[in-house]
Amino acid sequence: MTEIELMIEKARKAQIIYNANFDQEGVDKVVKVVTKTVFDHAEELAKLAVEETAMGVYEHKVAKNRNKSKGVYFNLKDKKSVGILSMDDRTGLIEVAKPMGVVAGVTPMTNPIVTPMSKIAFALKTKNAIIISPHPKAKKSSGLTVKYILDALAPLNVPEGLVQIVEDPTLDKTQELMRSCDVIVATGGMPMVKSAYSSGKPSYGVGAGNVQVILDRNIDYVAAAEKVVTGRSFDNGIICTGEQSFSYPEEMHDVVMDAFRKAGAYICNKEEREKIIGAIFEDGHTARDVVGQFPSFIAKKAGITIPENTRVIVVESNGKFGTEDPISKEKMCPVMGAFPYKTFEDALTIAEANLTYEGNGHSAAIHSNNQGNILKAGNELTVSRLVVNAVSATTAGGAIQNGLAVTNTLGCGSWGNNSISENFTYKHLLNITRIAPLSTKIQIPSDEDYWK
């Protein structure tokens, strides 16, 4: 048997034992241990992730480890996921939760700690087994995360093999795992997601991120700029929910740019614009060497000089947008595009064109005091989530105050070639049996009543 076949066999045996011996209370204790383990080891795991992947910001990864673990637990702790989920008094319909079996959790190098943690929590909340297949360049940090979780779970008598990780991951092993499991949760690059969907197994994938931000009229631009810059600079821009470009009223150009400078942004001139674009893109994609790097590194590569404390580099548009300006694309580093607009409808047109270019179905953000415009943006933009007056990087993936499920896997709907248009969470790993008697409480209407 291959390594993956042995892991699958072990996982299936463990899942049967777990399913038989753990009730809702036991499952909830397991989930608390999984999430709190990452909270307790936040600093050590963040340090290893930065060292191993050579990208991101240590302090931001510490915050991510703590906040995601708290958020995932907060979202899951009171949710029913075992046995009878609901009974409808009117129809008599009863819903019963059933696990799917063995989950293949494919995780990226950009989030090597919190993504395995959340997938393990979702899987165990729903009585599934899970095998993590980490990115090869993040196998140490993901491996240590899983080790700490397993050590913490040992006193709860969780069966051996319920949680496993491919210790020496390769593309072939990941593809074999995806073909052999019962359901796939793939977070990572688009080729990997496409491979998951092509595996023949039920799959949940993600789409590319390219968060467009609209700055409306009559807002506090200083406050908005601080939030946008905070989001763009978070973990040096490798978060898929991070702000990528912003549009602003053209008559407020100087006010807006001054607000961004106050927030720590460097605004490029026309000559510097071309140098930055040349530095961050290769063959139409983000250059590998700038991913998750500090603005100083990017500026040096581009051959320009910026202040030492620069948090984000802003590149103004060439007067166009979408496919006619490369700065419209996703940039996995702390660089932003800036687009002026005449009317709010123009702002929506710019955002939609940039999303169509890259990132369709993912997320957008708006800073506005006009509820009509907020609703208009939510109605017209092809995104699965619209963040309002908040930092997109840290809230689009779920926040206690906004109602979005806390996760690291964000569905982008049919726009992004995904099966869901919401934040992936525990409920997506449940099969549900519906027991459906005929209810005497419901009277069948006559033919005339049906159509009147």
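Is Asp235 buried or exposed? In this predicted model, Asp235 is buried, because its relative accessible area is 0%, and a residue counts as buried when that value is under 20%. Asp235 belongs to the loop between helix 9, which covers residues 221-233, and strand 9. Its backbone also deserves a look, since the phi angle of Asp235 is near 55 degrees, a positive value in a residue other than glycine.

A second aspartate makes a useful comparison. Phi of Asp283 is likewise positive, near 55 degrees, again in a residue other than glycine, and Asp283 too sits in a loop, the one between strand 11 (281-282) and strand 12 (285-286). Its surroundings are another matter, for Asp283 has a relative accessible area of 78% and is therefore exposed, the cut-off for that word being over 50%.

From the loop that holds Asp235 the chain leads into strand 9, and strand 9 is part of an open sheet of 7 strands, whose order is 10-13-14-9-8-15-16 and whose pairing is parallel. At the edges of this sheet stand strand 10 (265-267) and strand 16 (383-388), and because each has a single partner strand, one side of each is left without a neighbour in the sheet. On average, neighbouring strands here are turned by 25 degrees against each other when direction is ignored. Within the sheet, strand 8, made of residues 211-215, and strand 9, made of residues 243-249, pair in the parallel sense over 4 bridges, and along this pairing Val211 stands opposite Glu243 in strand 9. Toward the edge formed by strand 16, helix 14 (residues 371-380) lies across strand 15 (361-367) and strand 16, and the helix runs at about 160 degrees to strand 16.

Another sheet is built with the opposite sense of pairing. It is an open sheet of 3 strands in the order 1-2-17, and its pairing is antiparallel. Strand 1 (83-87) and strand 17 (430-435) form the edges, each with a single partner strand, so that one side of each has no neighbour in the sheet. Neighbouring strands of this sheet are turned by 30 degrees against each other on average, direction ignored. Strand 2, residues 94-99, is joined to strand 17 by 6 bridges, and the two run antiparallel; in this pairing Ala97 stands opposite Ile432 of strand 17.

Strand 4 can be followed residue by residue. Strand 3 (residues 102-106) and strand 4 run parallel and are joined by 5 bridges, and Gly105 has Ile132 as its bridge partner in strand 4. How many of the 5 residues of strand 4 are buried? The count is 5 of the 5, so strand 4 is largely enclosed by the rest of the structure. Ala129, Ile131 and Ser133 point one way from the strand, whereas Ile130 and Ile132 point the other way, and all of them are buried.

Two residues, one from each of these directions, show what surrounds the strand. Ile130, in strand 4 (residues 129-133), counts as buried because its relative accessibility is 0%. Leaving aside neighbours within four places in sequence, Ile130 is in contact with Val103, Gly105, Lys119, Ile120, Ala123, Leu162, Val163 and Gln164. Computed along the chain, Ile130 and Val183 are 53 residues apart, while their C-alpha atoms are 9.6 Å apart in space. Ser133, also in strand 4, is buried because its relative accessible area is 2%, and, with neighbours within four places in sequence again left aside, Ser133 is in contact with Gly105, Val106, Thr107, Val166, Pro169, Thr174 and Leu177.

The last stop is a pair of helices. The axes of helix 2 (residues 24-40) and helix 4 (residues 58-76) come within 8 Å and cross at roughly 165 degrees, and because angles over 145 degrees count as roughly antiparallel, the two helices are described as roughly antiparallel to each other. Their crossing is left-handed. Helix 2 contributes Val31, Lys32, Thr35, Val38 and Phe39 to the contact, and helix 4 contributes Asn65, Arg66, Ser69, Lys70, Val72, Tyr73 and Leu76. By character, the residues of this contact divide into 6 nonpolar, 3 polar and 3 charged.

Key: Residues are numbered from 1 along each chain as its sequence is written. This is a predicted model: local features need pLDDT of at least 70, side-chain atom pairs count only at pLDDT 80 or more; totals for chains, interfaces and linings use all residues. Side-chain values use heavy atoms; hydrogens and water are left out. Buried means under 20% relative accessible area, exposed over 50%, partly exposed in between (1.4 Å probe, protein chains only). Contact means heavy atoms within 4.5 Å. Axes are lines fitted to C-alpha atoms, for helices over the stretch in contact, and angles run from 0 to 180 degrees between N-to-C directions. Angles under 35 degrees count as roughly parallel, over 145 as roughly antiparallel, 65 to 115 as roughly perpendicular and the rest as oblique. A crossing is left-handed if the near helix is turned anticlockwise from the far one by less than a right angle, and right-handed if clockwise. Ala, Val, Leu, Ile, Met, Phe, Trp, Tyr, Cys and Pro count as nonpolar, Asp, Glu, Lys and Arg as charged, and the others, Gly among them, as polar. Two strands pair if DSSP finds at least two bridges between them.
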